[in-house]
Structure formats: structure tokens, C-alpha cells
2 protein chains.
Amino acid sequence: MSDYSPFDADTAVTGAGPRFQATISDRWAVGGGHANGGYVLSVCLRALREVLDRPDPLAVAAFYQRRVLPGPVEIEVDAGRSGRRLATGGARLLQGGQELVRVVASFTDLSQASGPTEVAGRAPNLPDPRDCLDLFGELPGESGLAAPGITGQLECRVPRLPGWRQGAPSGRAEAEFWMRLAGDRQPDTMALPGLVDMAAPAVFELGHFLSTTVELSVHVRARPAPGWLACRVSTRYLIEGYHEEDFEIWDSAGRLVAQSRQLALLLN
Amino acid sequence: MSDYSPFDADTAVTGAGPRFQATISDRWAVGGGHANGGYVLSVCLRALREVLDRPDPLAVAAFYQRRVLPGPVEIEVDAGRSGRRLATGGARLLQGGQELVRVVASFTDLSQASGPTEVAGRAPNLPDPRDCLDLFGELPGESGLAAPGITGQLECRVPRLPGWRQGAPSGRAEAEFWMRLAGDRQPDTMALPGLVDMAAPAVFELGHFLSTTVELSVHVRARPAPGWLACRVSTRYLIEGYHEEDFEIWDSAGRLVAQSRQLALLLN
């Protein structure tokens, strides 16, 4: 069982293009009992990869129209152009015949990318994960955040506990931390688009704990090296309840491997 | 003719859902003679708005699979969920029966948005447009950049000429400037998603002048006030030819009205 990965098992699809079947697992549930949006996106990408026949999602956009509950879903895939470099297609995820999520993605073979490189940003400046704290670990006077849902599928290490985790949001919607999938599942380009939506939202530090994603776009910039992922999240503009969230993932070799932005809406 | 707007005329669609017709004008051509991606997106949004029946594009993602040439196109629209707040749908733009661009968008009525507001970023710090230079104006020894294409449809005002415009790219892929549609066409939420892709790319300042968009996502954050738009553009990560470009548009009242990110690929 050492090779068993809940992420791979729970994102598996059956069937053949244009129509695939999958089962949304309750192992990736968030507070309300519905499935995390990054996990749902990962299921759609498994179906798209079957049809687009390239190894790496390069650019991905997901529109969340309704929450997805644990249980069976169908994914209808519609292939667009398949060119020399990129193959593009769309997916609609349906539950009980109703469209819940719509995804478009361009896949490529990132090992073939070649061109100029010039990097102006820097990796998060984090201490070694072994010197960090477990974000989901037990605090004095509580029994930890560990739940049957998504916090059981991720490990997060922080240099110090964020304000929201101690009941005192800091007012600054930004954070840097380590993240990895639970177990020994190493990161790859299929896991990155989901991971950008699996950490604690930046608006937790503004005291807002209920937010729903309208749209998430992800750019995968390189195949990640094995090991912990250094993450940076921020929200700069909360306007009438709507807010963007920017997310960067850097691999253990110090390279940017994914960048995302989502538009989300506060529900409280 | 004072109310005549090339933008409105050239983005018009005819027909009825699910299939619309439009004519791509050569007035929005870029260097290679093909149409600017922001303009093409605006045509698709005109078709989507017909079907989704909400006034404001809120979140938009466009996947550019092949260049669009001036001439007739068809736009096939596919409506998804229409909820209380959002209506979502997809559009495929075809030329000669071939899919060139795929768009998904969620529309809403932004006048109904209400919720907490907390803004951490700031508007570009620019002198009055009357004290700025015309980016496309004539320089000593040349006859200006003004061409029959897109530079004739936009006005750009800069505090000082960027390095690339003087033959000496600065090496810093960032800029702040004023922009507006030519003539008296005031900005609105239908114009913003196109405008984020119409200015000079940030990578010009890295000495790269040929770049093609893979994916563009835009979030419209508010209805803009009339007048000039203050813009901020930057590229931080150029990796093997692929680079993101982040774009912000602030209105004349100093409010953020649109945010975008695109993934593009250098061609030279």
C-alpha cells in the first residue's frame, strides 16, 4: 500500500471520450460538506488528459457554477485544436444531469519547452520544513483541525501559526508556507492545478471564513522536483465581497512551478 | 457621427443563439496582420451577452489556439447555469469552420454587488494625462508608430517614453500609463476585458517584441467612471519562453476596475 495515493485514486475517471464517469470522494470535503474546488478541477483534468493526449496541463481555467457533492459525476469533454505545441479542450462536470463546473485547458509537453528565462520574483523565504509547525496540529485547549475532509489529505508547515489559527486574524491577507499531499505522493504537473486551491484562503486573515470560487485560472510553469512545495498566497483587492487570490508554488529546487489567480466571493 | 465608436461597430454580432456571425475588422490588426486578442475576445463577449442576458462580464477566460485574420467569423455559444447572481456560458470562435479561440465567461449585474471592501493595493501614481507624452506620437527622425491597425484605435499617455520606444529596452518588464479608446468612446465593463490585452506587452522592455497569448483571464471588479484609465502592467516570470503578464486598470475616480493575467509565449 506504500504506493497508494488518495489523490490519484479519488481523481480517477472511467469511460472514454467524450463522456467520462468519476466518483467525487468525501475525503476532499470542506466545511460545508461539498468537495474542494481544486480537487474537482483535478478530476476534470484527468478526463481532459485522456482526450488531449499531452502529459502536462499548461493553462487551465475553471468556472464554478454550483457546489459539487460527494457521489457520482459525469464529465463531458470537447476537444478543440490539437497543434504542434498545444492541445486545447473543454470539460463540463455534471451531477444529476446538471452542469456544475466548466473547465477549459491547454495541455503541452513541458519537457519540450525552450526559450529565454528571466525571473524577477523570488521563492518564499522559509525555514526548513522540519523547523516549522504543523498548521493542522493540535493546539493547547483544542483537539486540532484534523477532520475527515481535505485537511487529512494535505500537510502544511508554517514558520509560525497564522493569526486566524489562533483566533486573531492579522488583517494582512498574505502567507508563505510549505505544502505537500499527504502520504508519499510526490508533486507533478497534474497535482499543481488542484493544490493552488487547497490551502487556507488568504482572506482568513481578514476574518472572513466563508468564500466561494467563481473562477480559477492556473498556469503550470515547470515540472516540480520531488519534495515539499513552497507556497505564497495573497489577496490585495476585496471589493463588495469579491476578491482575487493569487497563489504561487515553488518546488524544492527553488523554481516557480505554478501560478494561479482566482476570483472568489465572500458568503458571510 | 460623434457617437460613432469603432470599438462598438467592430465588435457587433448578428444572428441569434447559439450561432452568431461577426466580421473581424483590420482596424485592430497587430504587427503580423492578424487581429489583436483583446479585440477578438470582445467580439466573443458581445455574442455571450446576448445569450446570458446580464450586463457585466465578471470573470472571463480566453484560450487562443490560432491567430484570427480579418474577415467573417462565426461564434457558437453554449449557455451553462443561470443562477440568481451569475450566468455562465462558453463561446467558440470559428473561421472557415476551424476553431480559433475558446472563451468561457460568467456575467453578472455589478450594480447589485454588495459586501465588505478592503483594498491593499494602490492606483498607479501618474501625472495628469495632459502632462504626459503620446506613446504613439512622432519621435525625431521617425514618422511615429501610428499604423492602420490597433495603435490607431487607442490613445496611450506615458510620463516618459519607455526604453523600448527609444530603442533601449530597460530590462524591467513593468510600466504604468494612461489609456483610452480613440474618439469619445467612454470605458464600460464590456470594453475592459479587451483593453487589458491592447497595450504594449511588458516583455518589450526585455527586448522581446514577438509574443503570442496562450490564455487570458480577466476579472472585472467595478463599472468604470468616464475618462482616462490608469494602467499597470508587469511580467515577473519568463521561463523557457513562457511568461505571465499581469494587468490592472484603475478608473479616473481611483478605483480598481479590472485585473487580468495572461500566459504568453515568445516567438523569437
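Helices here are DSSP runs of H or I with at least four residues, strands are runs of E with at least two, and both are numbered from the N terminus. With that in hand, look just past helix α2 of chain B: D53(B) takes a positive phi of about 60 degrees. What you have in front of you is a predicted model, in which local features need pLDDT of at least 70, side-chain atom pairs count only at pLDDT 80 or more, and totals for chains, interfaces and linings use all residues. Residues are numbered from 1 along each chain as its sequence is written, chains are lettered from A and ligands numbered from 1 in the order in which they are written, and side-chain values use heavy atoms, leaving out hydrogens and water.

**Confidence**
- The model comes with an ipTM of 0.96 and a pTM of 0.97.
- Chain A averages a pLDDT of 95, and 97% of the residues score at least 70; pLDDT is the predictor's confidence in each residue, from 0 to 100.

**How the two chains relate**
- Turn chain A by 180 degrees, with 0.0 Å of shift along the axis, and it superposes on chain B with an RMSD of 0.0 Å.
- That is the relation of a two-fold axis; the fit is by least squares on the C-alpha atoms of residues with pLDDT of at least 70 in both copies.
- The copies meet through the same surface, because 100% of the interface residues of chain A are also interface residues in chain B (contact means heavy atoms within 4.5 Å).

**Helix α2 in chain B**
- Its 16 residues (37-52) should span 22 Å at 1.5 Å a residue, and the end C-alpha atoms are indeed 22 Å apart; the expected span is 1.5 Å times one less than the number of residues.
- The helix is largely enclosed by the rest of the structure, since 12 of its 16 residues are buried. Buried means under 20% relative accessible area, exposed over 50%, and partly exposed in between, using a 1.4 Å probe and protein chains only.
- Among the buried ones are Y39(B), C44(B) and L52(B).
- At the start of α2(B), a side-chain oxygen of N36(B) reaches to within 2.9 Å of the backbone nitrogen of G38(B).

**Helix α2 in chain A**
- Here too there are 16 residues, reaching 22 Å from first C-alpha to last, and 12 of the 16 are buried.
- N36(A) puts a side-chain oxygen within 2.9 Å of the backbone nitrogen of G38(A) at the start of the helix.
- After the helix comes D53(A), whose phi is positive, near 60 degrees.

**Aromatic rings**
- Over all chains there are 12 aromatic pairs: rings of Phe, Tyr and Trp (its six-membered ring) pair if their centres lie within 6.5 Å, with planes under 30 degrees apart called stacked, over 60 edge-to-face and the rest tilted.
- One of them is W164(A) with F204(A), edge-to-face at 4.9 Å centre to centre and 75 degrees between the planes.
- This pair links distant parts of the chain, 40 residues apart: W164(A) is in the loop between β9 and β10, F204(A) in the loop between α3 and β11.
- Both W164(A) and F204(A) are buried.
- In chain B, F204(B) and F209(B) make a tilted pair, 5.0 Å centre to centre with 50 degrees between the planes.
- F204(B) is buried at 15% relative accessible area, whereas F209(B) is partly exposed at 42%.
- Ring pairs also join F7(A), W28(A) and Y39(A) into a cluster.

**An exposed loop residue**
- D184(B) is in the loop between β10 and α3 of chain B and is exposed, with a relative accessible area of 64%.
- D184(B) and T212(B) are 28 residues apart along the chain, and 30 Å separates their C-alpha atoms.

Terms used
A polar contact is a pair of N or O atoms within 3.5 Å; within protein, one must be able to donate a hydrogen and the other to accept it, and residues adjacent in sequence count only if both atoms are side-chain atoms.
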